[in-house]
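Colleague: Before I use these labels in my notes, I would like to hear how each one is reached. Please take me through them one by one.

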Amino acid sequence: MPQLVAGCAEAGVPAVGLWRGPVRAYGAEATARLVRSAGLAVSSLCRGGFFTAADPAGRAAALADNRAAIEEAATLGTGVLVLVSGGLPAGDRDLAGARERVADALAELTPYAAAHGVRLALEPLHPMYAADRCVVSTLAQALDLAERFPAERVGVVVDTYHLWWDDTVAGQLARAGATGRIAAFQLADWVTPLPEGVLLGRGPLGAGCVDLRWFRERVEAAGYRGPAEVEILNSGQWARDGAEVLAEAIGGYRRHVL
């Protein structure tokens with residue numbers, strides 16, 4: 001965490017999106033002090049969610065964990081908590097039912113998040129994750145859920161890695177913008193072949209087939225004026241020197257997104 005904060009401050013990056021694991025390892029309050037002392041802001045906290053358990057004990061555990069995530073986001077001073085909905089429980093084939101359980105959880109958590117000044121941001125993931133990680137696969141599905149709640153309470157995440165393939169995404173971005181639903185904008189490229197397990201296969205900006213600049217232009221046309229987060233889940237990148245990866249991310253953003 002200190003290396004990340006120092007590197008971003010030195011490079012002139014004004015905000016950083018954080019993940020709960022490293023935040024908890026360093027301590028939420030200590031992380032908040034560290035980020036503030038460097039003059040940075042926390043753009044979002046990732047992640048809450050995983051709401052799709054069908055049994056009462058699983059549901060209760062998910063709600064408790066998400067209340068803790070809301071408190072952590074408030075401690076860090078970010079108004080955005082990214083949510084990944086969760087996949088199908090073992091043996092379950094009811095996608096619609098699983099999505100309804102996501103809506104039920106949002107209804108439970110929205111008042112608690114509002115009391116802490118945190119907006120819930122539902123992230124659709126590529127359909128290859130629907131079984132085990134996220135039953136919300138398109139921006140349209142995410143908006144259908146978010147629009148049950150006030151826009152200032154529940155928004156959506158636009159992540160190029162997950163949405164680049166969808167030929168309806170331009171219209172859905174306009175829809176999201178018209179109602180002020182875009183809560184976060186994340187960037188990564190799609191490269192093949194995907195690694196075994198597929199989770200850690202995101203590519204550096206400009207390394208794959210995503211039209212990153214197109215997304216940035218459409219998101220801005222939709223009225224979004226918040227941070228753009230480079231989020232590359234890739235074990236090969238993580239094994240490299242952090243300063244080099246950060247410099248490449250900034251360079252890739254300038255070449256392929258601006």
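Modeller: Keep in mind that this is a predicted model. Ask about any label you like.

Colleague: Why is Trp 164 called partly exposed?

Modeller: Its relative accessibility is 30%. Buried means under 20% and exposed means over 50%, so Trp 164 counts as partly exposed.

Colleague: What makes Trp 190 buried?

Modeller: The relative accessible area of Trp 190 is 10%. The cut-off for buried is under 20%, so Trp 190 is buried.

Colleague: Why is the pair of Trp 164 and Trp 190 called tilted?

Modeller: The structure holds 4 aromatic pairs. In this one the ring centres are 5.6 Å apart, and the planes stand at 50 degrees. Planes under 30 degrees apart would be stacked and planes over 60 edge-to-face, so 50 degrees makes the pair tilted. The pair also links distant parts of the chain: Trp 164 is in the loop between helix H7 and helix H8, while Trp 190 is in strand E7, 26 residues apart. Together with Tyr 161, Trp 164 and Trp 190 form one aromatic cluster.

Colleague: What makes the pair of Trp 214 and Phe 215 edge-to-face?

Modeller: The angle between the planes of Trp 214 and Phe 215 is 80 degrees, with 5.1 Å centre to centre. Angles over 60 count as edge-to-face, so the label applies to Trp 214 and Phe 215.

Colleague: Which of the words buried and partly exposed applies to Trp 214, and which to Phe 215?

Modeller: Trp 214 has 22% relative accessibility and counts as partly exposed. Phe 215 has 3%, which is under 20%, so Phe 215 is buried. Phe 215 is also among the residues with the most contacts inside the largest nonpolar core, along with Leu 81, Leu 120 and Val 158. That core has 63 residues, and helix H5 (residues 95-115) gives the most to it, with 7 residues. Beyond its neighbours within four places in sequence, Phe 215 is in contact with residues including Val 158, Leu 163, Trp 164 and Phe 185.

Colleague: How do you know that H8 and H9 are roughly parallel?

Modeller: H8 and H9 pack at an angle of about 30 degrees, with their axes 9 Å apart. Angles under 35 degrees count as roughly parallel, so H8 and H9 get that label. H8 passes H9 in a right-handed crossing. Val 169, Ala 170 and Leu 173 in H8 meet Trp 214, Phe 215, Arg 218 and Val 219 in H9.

Colleague: Why are H6 and H8 called roughly parallel?

Modeller: The angle between H6 and H8 is about 25 degrees, and their axes are 9 Å apart. That angle is under 35 degrees, so H6 and H8 are roughly parallel. Their crossing is left-handed. On the H6 side the contact is made by Leu 139, Ala 140, Leu 143 and Asp 144.

Colleague: What makes H6 mostly covered?

Modeller: Of the 8 residues of H6, 6 are buried. Among them are Ala 142, Leu 145 and Ala 146. The buried residues of H6 pack against H5, strand E4, strand E5, H7 and H8.

Colleague: How do you know that Asp 159 is buried?

Modeller: Asp 159, found in strand E5, has 0% relative accessibility. Since buried means under 20%, Asp 159 is buried. Not counting residues up to four places away in sequence, Asp 159 touches Glu 123, Gln 186, Arg 202 and Glu 231.

Key:
Residues numbered from 1 in each chain as written. Predicted model: local features only at pLDDT ≥ 70, side-chain atom pairs only at ≥ 80, totals over all residues. Heavy atoms only, no water. Phe/Tyr/Trp six-rings, centres within 6.5 Å; stacked < 30°, edge-to-face > 60°. Helix = DSSP H or I, 4+ residues; strand = E, 2+ residues; numbered from the N terminus. Buried < 20%, exposed > 50% of the residue type's maximum accessible area, 1.4 Å probe, protein only. Core = buried A, V, L, I, M, F, W, Y, C linked by side-chain atoms within 4.5 Å. Contact = heavy atoms within 4.5 Å. Axes fitted to C-alpha atoms, helices over the stretch in contact; angles between N-to-C directions. Parallel < 35°, antiparallel > 145°, perpendicular 65-115°, else oblique. Left-handed = near helix turned anticlockwise from the far one by under 90°.
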